[in-house]
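This report looks at unusual backbone geometry and at enclosed space in a single protein model. Please keep the sequence and the structure at hand while reading.

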Amino acid sequence: MPHSPIIYFDHAATSWPKPQAVAEAVQASMLEEGANPGRGGHVMANRAGKRLLRARMALAELFHVSNPIDIAFTYNTTMALNMAIHGYVRPGDHVVATAVEHNSVRRPLEVLRRKHGVQVTYVDTDTQGHLHVKQLEQAMTARTRLVICNHSSNLFGSIIPVEEISVICHLYGAKLLVDAAQSAGLLPIQVEQMGIDMLAFPGHKGLLGPQGTGGLYLHPDIDIEPLIQGGTGSHSEEVTQPLTRPDRYEAGTPNTAGIAGLEAGVKYVLNESVEKIYTKEWNLSQRIMETLLSLDGIRVLGPELGRPRTGIVSFVSEQADSAAIAHRLDREFGIAVRAGYHCTPLAHGVAGTLGQGAVRISAGWNTSEDDVDRLLEAVQWIL
C-alpha cells in the first residue's frame, strides 16, 4: 500500500490538527496583545487580561462552574493534578485512587507515601477497566482525606461513575479529585451537580487547544497550598502568596497566546456540543472494534462492543509486538498511533499486558470514516 499524508489516531495524547479558529486566536494574541496580563495598566496588558477572563468564562460554561475565578490555569493536566495532590494532602492522610490511574496521579502519591507517610490504597477494577463502587467504599476509612479517579481510562476508554463515587466520598468526609484528561470536551461534566470538588483538565486534548494549556477547578470551599509562589500582579507588597483567586494559583507569566487558542477550542466544543462529539467518536470506535475482533489472535482491551467508552481502542496481538505494529503503521502507511504503556502501568497490570504493552488507537473530533477504513486495511495488511 502506498505511503500517504499523515493519518492521525493519537488524539488521546494530543488532538491534531486544531480547528482553524484556534491557530488564528493564537496568532492574534501574539500580534495584538502580547503583554503580561494583570501586570500593568496599559492597553495591551488589559487586553491580555480580558483574554484570560473570556477563556475562564468559556470553561466555566462548559463545566457548569458558577464562578470562573474558581478555575486556575495550568500548563497541562499533570501540573493540575500535582497542584491538587501536593496542595491538599497532609502527612499521615489516607488517599484512595483507582487501579487505572495515570502516572500523573501515581507518582505524586508515591512521593507522598515515601516522604510524608501518606497511606495510599488503589482500588481494583475489572479487566475491562470498570470500577465497582462498593469496592471503593470498602477502602474508605476515617482518615481518608482524598479520593482520586480518572473520568475515563487512557488505556481502556472505560468511563468511571463519578457521581456515585462522589456520594461515597462526601459520606466519609473526603474530597473528590477527578482527572478529566480523557473526558474534558467529550463527556458532559457538571462539577456542582456531579459533586466534583477538584477537576484537573488538559487544554490540548478534547478541548482542542494548544499544548501547554490546562487547568484546575477548585470548589470555593477548598483551599490548597500553591504549587509555586511568585509574582501575580496583585498584592505585590505582601511577602506571602495572596489568597485571592485565581491569582493564588497562577504565579508567573501565563501562556496567554496558548490560552487564547484554548478559548477558541472550548468555544468550538460548545458550539458542536460534547454529546455530538462523543457520539461521533463512539461510532468510530465501534467500527474499529468490529474489525479488530474479527481478526485471529487479537484482543481488544476495555468495554465490550456496544458498551459506553470514549474514542480509545487499545489492542494486543499474538502475532506481532505492539511497538512493531505501531512502527509499521507509521513508517509504511503514514498512520500515527501510540504503543507502549501509555504512562499507566497500573492499568496495564489490570489488563495483563505489562510484558508487552498495547497499541492504542484514539479517534478525535476530525477523524473521518475514510481514515478508519485506511487504518483497518493497514492493520489487516500488517497482521
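## Cis peptide bonds

In this predicted model, P246 is placed in the loop between β8 (214-218) and α8 (256-272), and the peptide bond that leads into P246 from R245 is cis, with omega near -5°. Another cis peptide bond runs from W16 to P17, where omega is near -10°; P17 is likewise a loop residue, found between β1 (7-8) and α1 (20-32).

These bonds are worth inspecting against the general background, which is that most peptide bonds are trans and that most residues other than glycine have a negative phi.

## Positive phi outside glycine

The second half of that background bears on L208, which is not a glycine and yet has a positive phi of about 70°. L208 is found in the loop between β7 (198-202) and β8, and its relative accessibility is 2%, so it counts as buried, the cut-off for that class being under 20%.

H342 is a further residue other than glycine with a positive phi, in this case near 55°. The place of H342 is in the loop between β12 (338-340) and α11 (345-351), and because its relative accessibility is 1%, H342 also counts as buried.

## The largest cavity

How many cavities of 30 Å³ or more does the model contain? The count comes to two, and the largest of them holds about 210 Å³ of space. This largest cavity is lined by 21 residues, among which H11, L186, G206, E281 and A363 are the closest to its centre.

When the lining of the largest cavity is divided by residue class, it comprises nine nonpolar, ten polar and two charged residues, with glycine counted among the polar ones.

## The second largest cavity

The second largest cavity has a volume of about 130 Å³. Its lining is made up of 16 residues, and those that lie nearest its centre are F73, T74, Y75, E250 and P254.

Which residue classes make up the lining of the second largest cavity? The residues of this lining divide into nine nonpolar, six polar and one charged, where tyrosine and proline, for instance, count as nonpolar.

How values were computed: Residues numbered from 1 in each chain as written. Predicted model: local features only at pLDDT ≥ 70, side-chain atom pairs only at ≥ 80, totals over all residues. Heavy atoms only, no water. Helix = DSSP H or I, 4+ residues; strand = E, 2+ residues; numbered from the N terminus. Buried < 20%, exposed > 50% of the residue type's maximum accessible area, 1.4 Å probe, protein only. 1 Å grid on protein atoms, 1.4 Å probe; cavity = no way out; pocket = protein on both sides within 12 Å on 5 of 7 lines; lining within 4 Å. Points joined across faces, edges and corners; volume = space filled by probe spheres on them.
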